[in-house]
Amino acid sequence: MGLYQLQPIIRSYDKRVDRARVEDLERRCEVGPTERVFLFTDTMGDPICRIRNSPMYKMLVAELDNELVGVIQGSIKVVTINKPPKDNIATGAKVGYILGLRVAPHQRRKGIGSSLVRELEEWFVLNEVDYAYMATEKDNEASVKLFVKKFGYNKFRTPAILINPVQNRPSHISSNVEISKLKVEEAESLYRKFMSSAEFFPNDINDILRNKLSLGTWVAYPRGESLGNTKSWAMLSVWNTGGLFKLWLGKAPLSCLIYTKSSRVISRLFPCFKLVPSLPDFFDPFGFYFMYGVHSEGPLSGKLVRSLCQFVHNMAIASKDCKVIVTEVGGHEFELRHHIPHWKLLCPEDLWCIKALKNKDHEEERNKDLLDQLTKTPPSKPLFVDPREV
Ligand SMILES: CC(C)(COP(=O)(O)OP(=O)(O)OC[C@H]1O[C@@H](n2cnc3c(N)ncnc32)[C@H](O)[C@@H]1OP(=O)(O)O)[C@@H](O)C(=O)NCCC(=O)NCCS
C-alpha cells in the first residue's frame, strides 16, 4: 500500500445520492460464471430491497475520492441457535447477517472489503448481536479467504439449493391428497410448535408470514383424514421474490462481461437456464418463488411434500411471472431433498460461515460454547432458511 494512499470513507447508504451509483457498481461486479448470456437483475429502483423486510438493517457504502467503490448490507434478527450443553431448551440468539458485499474491480485488494466488513461488525456489536454470519459460494476464493482467514469466521453449514424451472404443463397432484391453505395465525402456531427448535428459526416468523411477499402457507394430508388426527402431514410456505426484483437473460458481447447478477442465489440459477429447452422464455423479466419452512411428519410425509411442491408449481404457472422455484435444505435433510422436485444436476451447495462477536463479557463464554457446538458437530436439526435472505 503506497504511503499516500487515500482511505475510503465508510458511511450509511443515502438513497438520494447513492441509488444510481450502487446499481452501477452491482453491474460492474461479477459474482457468477462468465458466459456469453447474462442474467440481469432489476431491483426496481431499490437496491436495499433485499434487507428491507428484516427487523433491523443497514447498508454501508465506501467512497474513495468521490467515487462509490464498495457496498455491503446487513440485517439483525433473533433466531434459535442451538441448545447449550446440559440444557434441553433451544436458545435464542441475536444474529447479524452479512450480504451483498461488493468492491469495484479496479479497487480490490486495497482493504476496502475489509473496512466494510469491520464497520458492519461494529454496528452489530453496538446492537448487541451475538453472532455474525454470511453465506457464499464454496469456490468464491476471495470471499472465503476474507471471511474465514482474515476475519476468523467458521465454516459451519452447507445447505443445498434446489432449483426447479417452471414447465408449461401443470403437474398432476394425487387425488388421495388434500391440500388446504392455512390462516396466518394457524401457520404461525404450527411453525412455533414443530419448527422452533430448527437452527436459525426466526423469532419474528409472524412478520415473515404476514409480509406481502409471503403468498401463504399450505398443508397436505391424506384425503378423508383431518389435520387434527392424521399421522402424516406436510407444510410449506411460499415467498414471491419477484415482488422484490426481476431477472432476465440478455445476450451481450464479451466487452460487456461486466453485466452479471447481483445476488448469490441468482447466480446459482444461472447455469440451469442453458439447459432449459424453452430458453427464450427467460428473455422477458421474470420472478421466482422461494419455498420455505418445509416440514413433514409421518410415513406418507415424502409423498405429501411432493404434492405440495406440485401444487406450488401449478400456482407458478398461473402467476405467469414466476419461471423458477427455489428452495434450500440443510445438510442432513437428504430424505427431504429426494421428495422436492429439482434439477438433479443442479444442486449447488451454499457455504454458511459464522463468528461469535465480542459482546458483553459474561455472554462471551456462552456464545463460544454454542459456536463450538454448531461448528464442530454435524447438523442434527433442520435448518430454517429465511426467505428474506435469498
Ligand atoms: C470479495 C471482495 C468483496 C473482496 O474485496 P477487497 O476490497 O478486494 O478485499 P480486501 O482488500 O479487504 O481483502 C481482504 C482479504 O481477503 C482476501 N482476498 C481478497 N481478494 C482475494 C482474491 N482475489 N483472492 C484471494 N484472496 C482474496 C485476502 O485474504 C485479503 O487479504 P490480503 O489482501 O491481506 O491478502 C471483492 O473481491 C468483490 O467485490 N468480489 C465480487 C463480489 C463477491 O464475490 N462478494 C462476496 C459475496 S459474499
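Here's a quick tour of the fold, the ligand shell and a few residues to look at in this structure. The model is predicted, so keep that in mind as you read. The protein chain has 390 residues, and 41% of them count as buried. Its secondary structure comes to nine helices and 15 strands. Among contacts in the chain with a separation of 6 or more, 80% are between residues 24 or more positions apart.

**Around the ligand**

- The ligand is surrounded by 22 residues, and the closest are R108, G113, S114, A142 and L146.
- Four elements give two or more residues each to this shell: strand 5 (92–103), helix 2 (112–126), strand 6 (131–137) and helix 3 (141–150).
- Helix 3 gives the most, with seven residues.
- Chemically, the shell splits into eight nonpolar, six polar and eight charged residues.

**The six-stranded sheet**

- Six strands make an open sheet, in the order 8-14-13-11-10-9, and the pairing is mixed.
- Strand 8 (160–165) and strand 9 (177–181) sit at the edges; each has a single partner strand, so one side of each has no neighbour in the sheet.
- From one strand to the next, the twist averages 25 degrees.
- As background, strands of a sheet pair through backbone hydrogen bonds, in either a parallel or an antiparallel way.
- At one end of the order, strand 8 pairs with strand 14 in the antiparallel sense over six bridges. If you want a register point there, take L162, whose bridge partner in strand 14 is T327.
- Strand 14 also pairs with strand 13, this time in the parallel sense and over five bridges. Here G287 stands opposite C322 in strand 14.
- How enclosed is strand 14 by the rest of the structure? Largely, because eight of its eight residues are buried.
- Strand 10 (residues 214–222) and strand 11 (residues 233–240) run antiparallel and are joined by six bridges. G216 is opposite V238 of strand 11.

**Helix 7, lying across the sheet strands**

- Helix 7 (residues 301–319) lies across strand 9, strand 10, strand 11, strand 13 (287–297) and strand 14 (322–329).
- Relative to strand 13, helix 7 runs at about 160 degrees.
- With 19 residues, helix 7 reaches 27 Å from its first C-alpha to its last, close to the 27 Å expected at 1.5 Å a residue.
- Which residues of helix 7 are buried? They are L304, V305, R306, S307, L308, C309, F311, V312, H313 and A316.
- Just after helix 7 comes K320, with a positive phi of about 70 degrees.

**Helix 1 and what covers it**

- Helix 1 (residues 15–28) has 14 residues and spans 19 Å from its first C-alpha to its last, close to the 20 Å expected at 1.5 Å a residue.
- The buried residues here are D18, V22, L25 and E26.
- A helix reminder helps with reading such lists: an α-helix has 3.6 residues a turn, so residues three or four places apart point the same way.
- The cover over the buried residues of helix 1 includes strand 3 (56–64), strand 4 (67–80) and strand 5.

**Two loop residues with positive phi**

- R109 is in the loop between strand 5 and helix 2. Its phi is near 60 degrees, a positive value in a residue other than glycine.
- Is R109 buried or exposed? R109 is exposed, because it has 9 other C-beta atoms within 10 Å, and 12 or fewer counts as exposed.
- E128 is in the loop between helix 2 and strand 6. E128 isn't a glycine either, yet its phi is positive, at about 60 degrees.
- E128 is exposed too, with 12 other C-beta atoms within 10 Å; that meets the cut-off, because 12 or fewer counts as exposed.

**L371 and its contacts**

- L371 lies in helix 9 (residues 361–376).
- L371 counts as buried because it has 20 other C-beta atoms within 10 Å, and the cut-off is 20 or more.
- Leaving out residues up to four places away in sequence, L371 touches N154, I354 and A356.
- L371 and A356 are 15 residues apart along the chain, and their C-alpha atoms are separated by 6.8 Å.

Conventions:
Residues are numbered from 1 along each chain as its sequence is written. This is a predicted model: local features need pLDDT of at least 70, side-chain atom pairs count only at pLDDT 80 or more; totals for chains, interfaces and linings use all residues. A residue is near a molecule or strand if its C-beta atom, placed from the backbone, lies within 6 Å of it. Ala, Val, Leu, Ile, Met, Phe, Trp, Tyr, Cys and Pro count as nonpolar, Asp, Glu, Lys and Arg as charged, and the others, Gly among them, as polar. Two strands pair if DSSP finds at least two bridges between them. Axes are lines fitted to C-alpha atoms, for helices over the stretch in contact, and angles run from 0 to 180 degrees between N-to-C directions. Two residues are in contact if their C-beta atoms, placed from the backbone, lie within 7 Å. The expected span of a helix is 1.5 Å times one less than its number of residues.
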